[in-house]
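Before reading on, take a moment to look over the model as a whole and then along one of its helices.

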Amino acid sequence: MKKIYFLFPIALFACKSNPTAVSEKASVENLNPVEINYKVVQNDVSDFLKYLSSDELEGRETGTKGIEKAAVFLEDFFKKNNVKPYFSSYRDTLTNFKTPAYNIVGFLEGSDPVLKNEFIVLSAHYDHIGVLKKQQPDVINNGANDDASGVTAVAEMAKYFSVTKSNKRSILFVFFAGEEKGLLGSKSLVQKLKKQNFNLYTQLNIEMIGVPMKRDYLAYVTGFDKSNMAQKINEYTGKKTIGFLPKEAEYELFYRSDNYSFYEVFKKPCQSISTFDFENFDFYHHVSDEFKVMDVPHITSFIQEFLPAVTKIATSPTEEITMNK
């Protein structure tokens with residue numbers, strides 16, 4: 001996640017309704033859960049996350065040898081799982097970074113002759129903040145939670161759709177570089193897509209899901225009141241999957257991850273989903289953000305619980321997730 005400054009003046013969203021009340025209502029009414037038989041394999045989740053957050057990748061700072069290794073790993077994953085490149089290759093070169101740097105972009109075309117012209121973006125950033133310059137026993141910022149955990153979730157969703165071929169809409173699976181440098185990867189990509197008249201329905205960006213919250217919902221969505229995304233996800237999963245986190249509004253997290261680049265250009269529901277609640281993880285932008293402190297069963301369960309939601313988003317006859325007015 002792009003650096004959060006915890007000491008800036010707090011600016012609350014101006015809400016016309018009570019988001020918490022809306023979340024409660026969404027959790028118990030109008031549920032229409034989607035049945036999913038596919039099972040996410042915990043060992044696959046573990047192996048993927050362990051490598052992406054390993055010392056070998058040296059903290060995956062944009063423009064370094066470490067993130068180049070991560071890029072090759074992600075390209076190989078797409079190839080293995082029959083996810084095609086969206087551009088001429090999986091590599092989308094950033095237009096706003098001084099040295100060569102790449103988003104990794106995969107593509108699965110929708111099966112419906114009409115709906116395939118609408119796109120969903122499932123995304124996470126694969127860069128992190130690299131190696132500390134000061135001397136100490138551990139200098140590698142491995143970024144397991146931030147955001148190898150989110151990349152792992154998106155990768156597993158790509159595998160799921162590749163196997164089930166259940167998407168009527170087309171899907172871009174995007175791993176952003178340059179997020180920690182100021183959302184550079186998403187800012188670069190979104191301008192290219194806009195020039196193509198890219199027909200975006202919605203974007204789900206996955207950010208820091210490595211440990212669970214001690215709350216009565218699984219995750220929160222940034223910019224809760226900006227769309228009905230939270231309510232629709234709960235409807236699709238048949239569970240209280242998404243709740244309202246007051247801290248998210250206080251720190252305006254909607255503007256601090258790669259969803260905002262897409263929202264700013266397309267003005268469509270583009271939001272980040274997270275389980276980092278400022279209470280459950282002490283190693284934000286810290287060398288101890290390592291694989292060993294990740295809750296792999298939680299990550300696996302998170303992905304499993306979201307499969308009905310992303311399936312419904314990819315197959316609904318109309319665009320059910322909409323901006324609030």
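The report below goes from the overall build of the protein to one helix.

The structure is a predicted model, and the protein in it holds nine helices and nine strands. Its C-alpha trace spans about 55 × 45 × 40 Å along the principal axes. A compact globule of 325 residues would have a radius of gyration near 20 Å, and because the protein has 18 Å, the value agrees with that expectation.

Other totals describe how the chain is packed and what it shows to the outside, and they are gathered in this table.

| Feature of the protein | Value |
|---|---|
| Buried residues | 59% of the 325 residues |
| Contacts joining residues at least 24 apart, among those between residues at least 6 apart in sequence | 81% |
| Exposed area | about 13700 Å² |
| Part of the exposed area supplied by carbon and sulfur atoms | 52% |

As for charge, the protein carries 39 positive and 41 negative side chains, and the centres of these two sets lie 4 Å apart.

Turning to a single element, helix α4 runs over residues 144-164, and because each residue should add 1.5 Å, its 21 residues should span 30 Å; the C-alpha atoms at its ends are 28 Å apart, which agrees. Is this helix mostly covered or mostly exposed? Helix α4 is mostly covered, since 19 of its 21 residues are buried. Residues three or four places apart in an α-helix point the same way, because there are 3.6 residues a turn. After α4 comes Lys165, and the phi of Lys165 is positive, near 50 degrees.

Notes: Residues are numbered from 1 along each chain as its sequence is written. This is a predicted model: local features need pLDDT of at least 70, side-chain atom pairs count only at pLDDT 80 or more; totals for chains, interfaces and linings use all residues. Side-chain values use heavy atoms; hydrogens and water are left out. Helices (H or I, at least four residues) and strands (E, at least two) are DSSP runs, numbered from the N terminus. The radius of gyration is taken over C-alpha atoms; the globule rule is 2.2 Å times the number of residues to the power 0.38. Buried means under 20% relative accessible area, exposed over 50%, partly exposed in between (1.4 Å probe, protein chains only). Contact means heavy atoms within 4.5 Å. Accessible areas come from the Shrake-Rupley method with a 1.4 Å probe; for residues, only the protein chains shown count as cover. Lys and Arg count as positive and Asp and Glu as negative; His and the chain ends are not counted. The place of a charge is taken as NZ of Lys, CZ of Arg, CG of Asp or CD of Glu. The expected span of a helix is 1.5 Å times one less than its number of residues.
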